[in-house]
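Q: Please take a close look at one part of this model and describe its surroundings. Then place that part in the rest of the chain.

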Amino acid sequence: MSNSRLSIADKLKALMGGRRGRARGHTSRSLSKSVDALPGDHPSVSFAAIAKIANGSQDNPTVGTLLALCEALGVPPAHLLPHGAYDDLEALEAFEDPLARHVLVLLSGLPQSELAGVITDLERRRAHLGLDPDPRSAAEAPPSKLRRRRSTDEAARYAADSLEGL
């Protein structure tokens, strides 16, 4: 964990830029539509409000707004909170698994030498199973993607979104 904290705007811009499983990122307009398409009761979030949050001019959105944005983006709500412990998205996603939380409770209070041994054992086990021994190194690798040309309508929407701010 780093001592520097990312702001809500920094985190939202990074999430809008794209994530695993999504070919392209979100604009404020497309994210607003994704929020509106969510099932159940949730606040509507305009693209202008999303743009203000993303550019930092609105740094205190409501809890309902944050929850809706996180649900639409598919990330744990804690990630958008401006606290250094919540900057690590992979750790927050792992923490949502009850078994992972149980492992953390079991690790709590162990001496550093024991923790280092457990980490070594887990990395060895992952390698034995054919998994990347350190999943963070795979997550940090830039995804390879083919660039496609936009249609005229997509280009016009992209230009309009850019002029309106994110």
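A: Helices and strands here are DSSP runs (H or I over at least four residues for a helix, E over at least two for a strand), numbered from the N terminus. The model is predicted, so local features need pLDDT of at least 70 and side-chain atom pairs count only at pLDDT 80 or more, while totals for chains, interfaces and linings use all residues. Residues are numbered from 1 along each chain as its sequence is written, and side-chain values use heavy atoms, with hydrogens and water left out.

The part to look at is the loop between H4 and H5, where histidine 79 lies. Histidine 79 counts as buried because its relative accessibility is 6%; buried means under 20% relative accessible area, exposed over 50%, and partly exposed in between (1.4 Å probe, protein chains only). A polar atom of the histidine 79 side chain is 2.9 Å from the backbone oxygen of tyrosine 86. Such a polar contact is a pair of N or O atoms within 3.5 Å; within protein, one must be able to donate a hydrogen and the other to accept it, and residues adjacent in sequence count only if both atoms are side-chain atoms. Apart from neighbours within four places in sequence, histidine 79 is in contact (heavy atoms within 4.5 Å) with Lys11, Leu15, Tyr86, Asp87, Leu89 and Leu92. One of these, leucine 92, is 13 residues away in sequence, with a C-alpha to C-alpha distance of 7.2 Å.

Aspartate 87, also on that list, is found in the loop between H4 and helix H5 (89-95). The side chains of aspartate 87 and lysine 11 are joined by a polar contact of 2.8 Å. The aspartate 87 side chain also reaches the backbone nitrogen of leucine 6, at 3.4 Å. Serine 7 is 80 residues from aspartate 87 along the chain, yet their C-alpha atoms are separated by 9.3 Å.

A second histidine, residue 26, sits in the loop between H1 and helix H2 (28-36). Histidine 26 is buried because its relative accessibility is 11%. Its side chain makes a polar contact of 2.9 Å with the side chain of serine 30. Beyond residues up to four places away, histidine 26 touches Met16, Leu31, Ser34 and Leu73.

Next comes the packing of the helices. The axes of helix H1 (residues 8-16) and helix H3 (residues 47-55) come within 6 Å and cross at roughly 115°; axes are lines fitted to C-alpha atoms, for helices over the stretch in contact, with angles from 0 to 180 degrees between N-to-C directions. H1 contributes Ile8, Ala9, Leu12, Lys13 and Met16 to the contact, and H3 contributes Ile50, Ile53, Ala54 and Asn55.

The largest nonpolar core has 19 residues, and Leu12, Leu31, Ile50, Leu69 and Leu80 have the most contacts inside it. Such a core is a set of buried Ala, Val, Leu, Ile, Met, Phe, Trp, Tyr and Cys residues joined through side-chain atoms within 4.5 Å. H1, H2, H3 and helix H4 (63-73) each give two or more residues to this core, and the largest share, five residues, comes from H4. Leucine 69, leaving aside neighbours within four places, is in contact with Leu12, Leu31, Val35, Val45, Ile50, Ile53 and Leu80.

The chain as a whole has nine helices and zero strands. Of its 166 residues, 20% count as buried. Among contacts between residues at least 6 apart in sequence, 54% join residues at least 24 apart.
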